[in-house]
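These are notes for a colleague who is meeting this structure for the first time. Please keep the sequence and the structure open while reading the points in order.

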Amino acid sequence: MNQIRYERRTYTNGYTPIQKLERLSKALGGPAIWIKRDDQLGLTAGGNKTRKLEYLVADAIKQGADTLITCGAVQSNHCRLTLAAAVREGLRCQLVLSKPEAGEYNPQASGNHLLFHLMGVEKIELIPADGDIQVAMEALAQAVEKEGKKAYIIPLGGSNQIGSLGYMACADEIEQQAMEMGTPFDYVVTGTGSGGTHAGLVAGFLARQSHTEVIGINVSGTKEGKESQVRDLLYRTAALVGLQGEISDDAVRCDDQYVGAGYAIPTEEMVEAVTLVARTEGILLDPVYTGKAMAGLIGMIRKGELTPDDRVLFLHTGGTPALYTVPQLFIP
Ligand SMILES: Cc1ncc(COP(=O)(O)O)c(C=O)c1O
C-alpha cells in the first residue's frame with residue numbers, strides 16, 4: 001500500500017476526535033460505543049465528503065481544472081462540500097441536482113440548498129428524478145470547455161477510487177487513535193450510500209492488516225446490491241494503491257434492514273435514534289444518513305448481534321444541515 005503517492009489537499013487540522021458515548025451505551029445496555037466526529041471535518045459544516053475531496057480536488061488541480069462539476073439530491077451534503085472546496089481553492093462549481101421523487105422542488109428550500117446559494121454556486125441544473133445525471137454533468141462540462149475553461153467531473157458522492165483514498169487515510173487515523181487508546185475497535189459502523197466511505201475504510205483496514213470489521217448500514221438499496229457496489233469500488237481502490245493479497249467477499253458487509261421505504265424517506269427508527277442521541281449525548285445526527293445508521297446500530301444491539309463485550313466505533317459522517325429541513329419530524 002502506498003496511498004501517499006497521491007496528492008492531497010488538507011481541509012482539516014489534525015484528527016477528528018473520538019468520544020466515548022457512555023450515556024448512550026448505558027441507555028441501550030449494550031457494548032461500549034465510541035463516536036468518530038467526522039461531522040467536525042473541515043470545509044463548510046463538515047461531513048465525510050471532506051476527506052474524499054482532499055484527494056479529488058488535488059487531482060482536479062493537477063489536471064489543470066478550474067471548474068468542479070458534481071451532482072446529488074436537492075439536499076446533497078456532497079454538493080455543499082464540493083462547492084465549499086471550490087470556494088476554498090478559488091475554483092468555479094456547477095451542480096446537477098435531481099428533483100425529489102415525491103413532492104415539488106422548492107427553490108427556497110433551506111439546509112444544504114440554502115448553502116449552495118450562500119456560497120455562490122455558479123450554476124444549478126435541475127433534472128427529473130429519473131434523469132441521467134452523468135449525461136447532464138457531461139453536457140455542463142462541454143459547455144465549460146466551449147468557454148475555454150477546464151472542467152473536472154466528480155461522480156455521485158465522490159465515490160470513485162480516488163475519493164476512497166480519503167477513507168483509507170481515515171482507517172489509518174482510526175488505527176492510530178485506537179493504538180493510543182490501548183485497544184483496537186471490533187467494529188466500525190457507518191452509513192453506506194454511494195459506497196466510497198465504506199470501501200475506503202475496508203481498504204485501509206486491510207492495508208494495515210487490522211481485525212476491525214466495517215458494518216455498513218444501507219441508506220438505500222438492497223444488501224446484495226450495495227455489497228456488490230462497495231466490493232467493486234474496494235477492488236478498484238485496492239488496484240489503485242497496489243494492495244497485495246486476495247480480498248475475501250466477507251470483507252464487505254451491508255445491512256439493509258433500516259432503509260425503510262427508500263432513500264431519504266424517514267423511518268420511526270431513525271426518529272428514535274436521532275432523538276436518543278440528542279437526549280443522551282447532546283450530539284446531532286441527520287435524518288438521511290447518520291440517523292438511519294444509528295438506527296442500525298441500535299437495532300443490532302437490541303437483536304443481540306453486538307454483545308456487551310464488543311468495542312464499537314460509530315462513524316458520524318455529518319449531514320446535520322438537513323436536520324433543519326424536517327422540524328415536523330421532531331417537534332410534537
Ligand atoms: C452525511 C452523509 N453520511 C453518509 C454518506 C454516505 O457515504 P457514501 O456515499 O460514501 O457511502 C453520505 C453521502 O452522501 C453523507 O452525505
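1. Contact, as the word is used in this note, means that heavy atoms lie within 4.5 Å. The structure is a predicted model, and the points below should be read with that in mind. With contact so defined, E227 touches V252, R253 and C254 once its neighbours within four places in sequence are left aside.

2. E227 itself belongs to helix 8, which covers residues 223–241. Is E227 buried or exposed? The relative accessible area of E227 is 10%, and because buried means under 20%, E227 counts as buried.

3. E227 also has a partner within helix 8, since its side chain forms a salt bridge with that of K223, at 2.8 Å from N to O. The two residues are four places apart in helix 8, about one turn of the helix. In an α-helix there are 3.6 residues a turn, so residues three or four places apart point the same way. The two partners are not alike in burial: K223, at 30% relative accessibility, counts as partly exposed, whereas E227, at 10%, counts as buried.

4. R253, one of the residues in contact with E227, takes part in a salt bridge of its own, in which its side chain meets that of E213 at 3.0 Å, N to O. This pair links distant parts of the chain, with E213 in strand 8 (residues 213–218) and R253 in strand 9 (residues 253–255), 40 residues apart. E213 is partly exposed, with a relative accessible area of 29%, and R253 is likewise partly exposed, with a relative accessible area of 29%.

5. Turning to helix 2, which covers residues 49–62, K49 is found there. An unreviewed UniProt entry carries the annotation "modified residue: N6-(pyridoxal phosphate)lysine" for K49, and this annotation comes from the record. In the model K49 has 12% relative accessibility and counts as buried. Leaving aside its neighbours within four places in sequence, K49 is in contact with H78, L81, G157 and S194.

6. Which residue meets the side chain of R51 in a salt bridge at 3.0 Å, N to O? The partner is E173, and the pair links distant parts of the chain, because R51 lies in helix 2 while E173 lies in helix 6 (residues 161–181), 122 residues apart. Both partners are buried, R51 at 4% relative accessibility and E173 with a relative accessible area of 6%.

7. How many salt bridges does a search of the whole structure find? The search finds 15, among them the bridges between R51 and E173, between E213 and R253, and between K223 and E227.

8. A last point concerns helix 9, which runs over residues 268–281 and has 14 residues. From its first C-alpha to its last, helix 9 reaches 20 Å, close to the 20 Å expected at 1.5 Å a residue. The buried residues of helix 9 are M270, V271, A273, V274, V277 and T280, and these pack against helix 1 (22–28) and helix 10 (290–302). Just after helix 9 comes G282, which takes a positive phi of about 70°.

Technical notes
Residues numbered from 1 in each chain as written. Predicted model: local features only at pLDDT ≥ 70, side-chain atom pairs only at ≥ 80, totals over all residues. Heavy atoms only, no water. Buried < 20%, exposed > 50% of the residue type's maximum accessible area, 1.4 Å probe, protein only. UniProt positions renumbered as here; feature names shortened; annotations may be inferred. Salt bridge = Lys/Arg side-chain N within 4 Å of Asp/Glu carboxyl O. Expected span 1.5 Å × (residues − 1).
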